[in-house]
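This briefing gathers a few local features, grouped by topic, for a reader who has the sequence and the coordinates to hand. Please read each point alongside the structure shown here.

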Amino acid sequence: MRATAPAPPETRYSYIDSALGQLLVASQQDKLTGLYFKGRHHAQISPTWIKDDSLEIFAQAEQQLDEYASGTRKIFDLPISVSGTPFRTQVWAEIAKIPYGQTITYSEIAELLDKPDAIRAVGTATGANPLSIIIPCHRVVGKCGTLTGYAGGLVRKNALLDFEAGKSESLFSEALE
């Protein structure tokens, strides 16, 4: 008799409105697994995903994003789960450590991982981050602080960095579209 592999957990999704625009959110087993800029990010809704606007994790994410956008939250406190290669998850773990209002370069992350020649791989992993803002990949910049690619667009990345640096008092989606 052949053993069957357990079925993968169901992915549920919804959309939430935020100061950053409409976001696609995804969850598995009551953990946030995706937060994507609608129409800008590489995420695709799979035919196996189930639309569910009632999940508490989505309400929590929306509330915490509102608090972030109003300046009252600097650290997100949500149950999350990410899946990726060991290298990608290491990169995302380093990105998650970047304090609010600060930036780090791709090469600095490569150095922290003891892989100084993996700068492009760090960039690729950063671009594949499934939890934008929550894992703050907008805080990763190019050499000398130059803004480089961002799934939400460079205008949004610049707005996020300016907001966190205190150069802007609020985030409004109209300015970020």
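Leaving aside residues up to four places away in sequence, L161 touches T103, H138, R139, V141 and L147. The model is a predicted one, and the points below take up L161 first and then turn to charge and backbone geometry.

**Surroundings of L161**
- L161 belongs to helix α5, which covers residues 154-164, and because its relative accessibility is 14%, below the 20% limit, it counts as buried.
- Between L161 and V122 there are 20 Å in space, C-alpha to C-alpha, at a sequence separation of 39 residues.

**Negative surface patch**
- Four residues, E108, E111, D114 and D117, form a negative patch on the surface.
- Of these, E108 sits in helix α3, made up of residues 106-112, and with a relative accessibility of 40% it counts as partly exposed.
- D114, also part of the patch, is located in the loop that runs between α3 and α4 (119-127), and its relative accessible area of 68% makes it exposed.

**Positive phi angles**
- Most residues other than glycine have a negative phi.
- D114, although not a glycine, has a positive phi of about 60°.
- D30 is likewise not a glycine and has a positive phi, of about 65°; it lies in the loop joining β2 (21-28) and β3 (31-37), where it is exposed, with a relative accessible area of 57%.

Methods:
Residues are numbered from 1 along each chain as its sequence is written. This is a predicted model: local features need pLDDT of at least 70, side-chain atom pairs count only at pLDDT 80 or more; totals for chains, interfaces and linings use all residues. Side-chain values use heavy atoms; hydrogens and water are left out. Patches are made of residues with over 30% relative accessible area and no salt bridge: like charges are joined within 9 Å, nonpolar side chains (Val, Leu, Ile, Met, Phe, Trp, Tyr) within 5 Å. Accessible areas come from the Shrake-Rupley method with a 1.4 Å probe; for residues, only the protein chains shown count as cover. A salt bridge is a side-chain nitrogen of Lys or Arg within 4 Å of a carboxyl oxygen of Asp or Glu. Lys and Arg count as positive and Asp and Glu as negative; His and the chain ends are not counted. The place of a charge is taken as NZ of Lys, CZ of Arg, CG of Asp or CD of Glu. Helices (H or I, at least four residues) and strands (E, at least two) are DSSP runs, numbered from the N terminus. Buried means under 20% relative accessible area, exposed over 50%, partly exposed in between (1.4 Å probe, protein chains only). Contact means heavy atoms within 4.5 Å.
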